[in-house]
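Here are some notes on the fold, the core and the surface of this chain, set out as numbered points for a colleague to check against the coordinates.

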Amino acid sequence: AAESRLTLDFVVPENPTGRYSMNLAAPAERLVAEHLLLLNAWEVNLMKSRRMPDVSVTGNYQCLRNETLDAYPFSYQPDWILPTFGTLRFDLAVPKRPPKSTKAISEAAWQDLTVALQRSELPAALRVLCLRR
């Protein structure tokens, strides 16, 4: 069985923008791919319903960029069927902004957080996850 490197724990639905690489033979990573494609479909329909401008690369409202399957580039379309094996990579760029009421973290708090993460013995992936939450 394929070993999983990526789980849904690493996907933040409120801000899923990021670069993803998924081994589709690993059930947990395939689930992540399915989840991200569903998030993409949601965002596409939301943008269309709000009559937002199409900022996609290919003029199809999709939030995916730089899609490859086993290092071969392709252009994602909604009718594309997710394979059961192979390495799927893409960037997901969701056009969301924080609410206007959101306040930036103070410089002192940012410095404290940076130092705490640098001193942490957690694996790098978990430290990044801490920042995304």
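1. Contact here means heavy atoms within 4.5 Å. On that basis, residues 24 or more positions apart account for 54% of the chain's contacts that have a separation of 6 or more.

2. This is a predicted model, in which local features need pLDDT of at least 70 and side-chain atom pairs count only at pLDDT 80 or more, while totals for chains, interfaces and linings use all residues. Residues are numbered from 1 along each chain as its sequence is written, and side-chain values use heavy atoms, with hydrogens and water left out.

3. The chain holds three helices and four strands, taken as DSSP runs (helices H or I, at least four residues; strands E, at least two) and numbered from the N terminus. Read from that end, the order is β-α-β-β-β-α-α.

4. Of the 133 residues, 29% count as buried, that is, under 20% relative accessible area, with exposed set at over 50% and partly exposed in between (1.4 Å probe, protein chains only).

5. The largest nonpolar core (buried Ala, Val, Leu, Ile, Met, Phe, Trp, Tyr and Cys residues joined through side-chain atoms within 4.5 Å) has 18 residues, of which Tyr20, Met22, Leu36, Leu88, Phe90 and Leu92 touch the most other members. Strand 1 (18-23), helix 1 (27-49) and strand 4 (87-92) each supply at least two residues of this core, and helix 1 gives the most, with six.

6. Leu36, once neighbours within four places in sequence are set aside, is in contact with Val11, Tyr20, Met22, Phe90 and Leu92.

7. Ile105 lies in the loop between strand 4 and helix 2 (107-119), and it counts as partly exposed because its relative accessibility is 49%.
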